[in-house]
Each structure stands twice: as C-alpha cells, then as structure tokens.
Amino acid sequence: MRLNEDPAAFEAFYRRHVDAVMRFVVRRVSDPHLAADLTADIFLAVLDSAHTYVPGRGSEIAWLYGVARNVVSAQHRKAAREARATGRVAGRRLMDDDDLVRMEERVDAERQMRNALEAMRGLPEGERAVLELVAIDQLTVTEAAAALDIRQVTARVRLHRARRALERVASPSPAYVEGQA
C-alpha cells in the first residue's frame with residue numbers, strides 16, 4: 001500500500017474505513033473525545049505502517065483492525081500506568097507554601113555549593129587538597145597537614161590562599177567583574 005506516498009489513495013482509504021474504525025474504537029472506550037483522538041491516531045499509525053500491509057495475508061480491513069487494536073491497547077496500557085502513578089501519590093500531602101520556601105532555600109544552598117565546588121576545581125592541587133580536607137572532610141589544619149605530609153605552616157598558607165581565591169569568586173570586585181582584574 002502506498003498510502004503515505006499518495007494523498008488521494010490515503011483519502012479514499014480513510015473514507016472507506018473511518019466509520020468502521022470509529023465503531024471499533026467506541027466499543028472499547030467511553031470518552032467521545034478519546035475515541036476521536038484514537039481514531040486519528042489509528043490513521044496516523046496506518047500512514048507509518050502502510051508498508052507492512054501484505055495483501056496475501058488478509059484484507060485491508062483486517063490489517064486496519066490489527067493496527068486499531070494495537071493503538072487502543074497502547075492507550076489502555078498508558079491509562080493503567082497513569083492510574084497506578086496517581087494511586088501512588090494519592091493521599092500524600094502536597095507541598096504547601098512553607099515547603100516550597102524550604103525547597104527554594106535548599107536549591108539555593110546547593111547552587112552555592114555547586115558554585116564553590118566549581119571554583120575549587122580551578123585552585124592549584126595543593127590548595128584544593130588542604131581546603132577539601134579542612135572544609136569538606138572537617139579535619140583540623142594539623143590533621144590535614146599530616147594527611148598531606150606537609151608542614152603545618154604550609155597547610156595554613158595553602159588554606160588561606162584557597163579561601164581568598166574562593167572569596168574573590170563568591171563576591172568579585174567591580175574591576176574583576178568588568179574584566180579589568
């Protein structure tokens with residue numbers, strides 16, 4: 001069938017079978033709007049799969065009912081999935097204004113953390129290592145120095161440099177913002 005290549009052939013096919021397809025659909029769904037949508041979906045599916053029709057295997061109406069059955073079955077499966085999803089959230093408390101404010105605060109806090117982590121990636125390895133151990137892993141400067149096998153004074157200097165670099169990123173000066181730094 002060359003329905004997808006010949007608009008006149010598709011129109012003739014549609015006119016021959018639209019009433020039968022509509023009756024088929026209406027017997028299986030109770031919503032008239034859904035029935036109209038499914039009928040349209042069936043004929044769109046016919047356009048997509050017209051190349052699969054083999055006249056020797058049966059009449060075009062039998063093939064068309066097979067397409068219709070697949071479209072209607074897919075709709076029933078979709079409706080069942082939606083019903084299960086609705087059932088899972090039914091009875092659960094929706095977010096109120098306070099919940100929304102707390103969620104926005106969390107998103108903002110996480111955004112700040114993502115920005116800080118991104119800024120940390122730009123630090124030299126030694127400064128980043130000390131900062132991670134102290135700020136994220138909660139080690140003391142003495143413990144961080146021992147973990148990195150460096151002197152305590154070196155760890156303090158690196159931590160100071162890292163914090164200053166992050167402060168510049170967090171609140172850049174006007175000259176820095178304008179690209180003059």
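A charge counts as sitting over a ring if NZ of Lys or CZ of Arg is within 6 Å of the ring centre and within 35 degrees of the ring normal. In this predicted model, R28 lies over the face of F24, at 3.7 Å from the ring centre. Aromatic rings also pair with one another, and the count comes to six aromatic pairs. Two of these pairs, both involving F43, are described below.

**The pair F13 and F43**
- The ring centres of F13 and F43 are 6.4 Å apart and the planes stand at 75 degrees; because angles over 60 degrees count as edge-to-face, this pair is edge-to-face.
- F13 belongs to helix α1 (residues 7–26) and F43 to helix α2 (residues 32–49), so the pair links distant parts of the chain, 30 residues apart.
- F13 counts as buried, at 0% relative accessibility.
- F43 is buried too, with a relative accessible area of 4%; the cut-off for buried is under 20%.

**The pair Y14 and F43**
- Between the rings of Y14 and F43, the centres are 4.7 Å apart and the planes are at 65 degrees, so this pair is edge-to-face.
- Y14 lies in helix α1 and F43 in helix α2, so the pair ties together parts that are 29 residues apart in sequence.
- Y14 is partly exposed, with a relative accessible area of 35%, a value that falls between the 20% limit for buried and the 50% limit for exposed.

**The cluster**
- F13, Y14 and F43 join F10 in one aromatic cluster.

Notes. Residues numbered from 1 in each chain as written. Predicted model: local features only at pLDDT ≥ 70, side-chain atom pairs only at ≥ 80, totals over all residues. Heavy atoms only, no water. Phe/Tyr/Trp six-rings, centres within 6.5 Å; stacked < 30°, edge-to-face > 60°. Helix = DSSP H or I, 4+ residues; strand = E, 2+ residues; numbered from the N terminus. Buried < 20%, exposed > 50% of the residue type's maximum accessible area, 1.4 Å probe, protein only.
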